[in-house]
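Q: Please take a close look at the sheet part of this model with me. I'd like to hear how its strands pair up, and then which side chains tie bits of the chain together.

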Amino acid sequence: MNAYRLVAVACLALLVTSGCGSRRSMTTADTPTTYTCCDGEDVDTVYQPGQEMTVHWIVRPGADPAAKPAEVELTARLTGPYGDVSELKSAAGDTARPAVGEVTFEAQPVRPSGAAGDRPVSVIPIAEDALPGYYNLIFAVHQGGGGVGGASVVRVAPKA
């Protein structure tokens, strides 16, 4: 067998066996419990200074309820105020520096148990002296050394 054929056979063997390693692919039985933010009512409500914003996390149970859940931390905060939604979105894209007069109201991190029926909630206290406007609700799910997050717009009206 010449050298070219030997190299070709070796490459083919490598390609065929590389898919046969000891790595397991994830099956539906491996699907973990996941958390996402949040009930539509949470962001559709117009809040006032001095109120608490309650963030109801949405839980999608994993395929195996007996499996020990991974450590999860859920975080949520409001930053603002902004005069309108376009100003908020523009400021959200500029993470290098906060907007002038920007304040942050933050919930304590929540660490859900993963138990069946667990419905985690983050509570963000809005200060009594909060200015009216649009606030950026920033939320994140931290799990297994990684994380995923997002944002939504919340309105705070003048105190009645």
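A: First, the ground rules for strands: two of them count as paired when DSSP finds at least two bridges between them. The strands themselves are DSSP runs of E with at least two residues, helices are runs of H or I with at least four residues, and both are numbered from the N terminus. This is a predicted model, so to speak of a local feature takes pLDDT of at least 70 and a side-chain atom pair counts only at pLDDT 80 or more, while totals for chains, interfaces and linings use all residues. Residues are numbered from 1 along each chain as its sequence is written, and side-chain values use heavy atoms, with hydrogens and water left out.

Now the sheet. It is open, has three strands in the order β1-β3-β6, and its pairing is antiparallel. β1 (34-37) and β6 (121-125) are the edge strands, each pairing on one side only. On average, neighbouring strands here are turned by 25° against each other, direction ignored; the axes behind that angle are lines fitted to C-alpha atoms (for helices, over the stretch in contact), and angles run from 0 to 180 degrees between N-to-C directions.

β3 covers residues 52-60 and pairs with β6 over five bridges, in the antiparallel sense. For E52, the bridge partner in β6 is P125. As background, strands of a sheet pair through backbone hydrogen bonds, parallel or antiparallel.

β3 also brings in an aromatic pair, one of two in the count. Rings of Phe, Tyr and Trp (its six-membered ring) pair if their centres lie within 6.5 Å; planes under 30 degrees apart are stacked, over 60 edge-to-face, and the rest tilted. W57 and F139 have ring centres 6.4 Å apart and planes at 85°, so they're edge-to-face. That links W57 in β3 to F139 in β7 (residues 133-143), 82 residues apart. Both rings are buried (under 20% relative accessible area; exposed is over 50%, partly exposed in between, with a 1.4 Å probe and protein chains only): W57 is at 0% and F139 at 15%. The other pair, F105 and Y135, is tilted, because its planes sit at 35° with centres 6.0 Å apart.

Y135 turns up again among the contacts (heavy atoms within 4.5 Å) of V156, which also include Y47, P49 and I126, leaving aside neighbours within four places in sequence. V156 is found in β8 (residues 146-156) and is buried at 1%. Its C-alpha is 5.7 Å from that of V46, though the two are 110 residues apart in sequence.

Finally, the charges. The structure holds three salt bridges, meaning a side-chain nitrogen of Lys or Arg within 4 Å of a carboxyl oxygen of Asp or Glu. In one of them, R119 meets D39 with the closest N and O atoms 2.9 Å apart. R119 is in the loop between β5 and β6, and D39 in the loop between β1 and α2 (40-44), so the pair ties together parts 80 residues apart in sequence. R119 is partly exposed at 42%, and D39 is partly exposed too, at 28%. Another joins K159 and E128, at 2.4 Å between the closest N and O atoms; E128 lies in the loop between β6 and β7 and K159 in the segment after β8.
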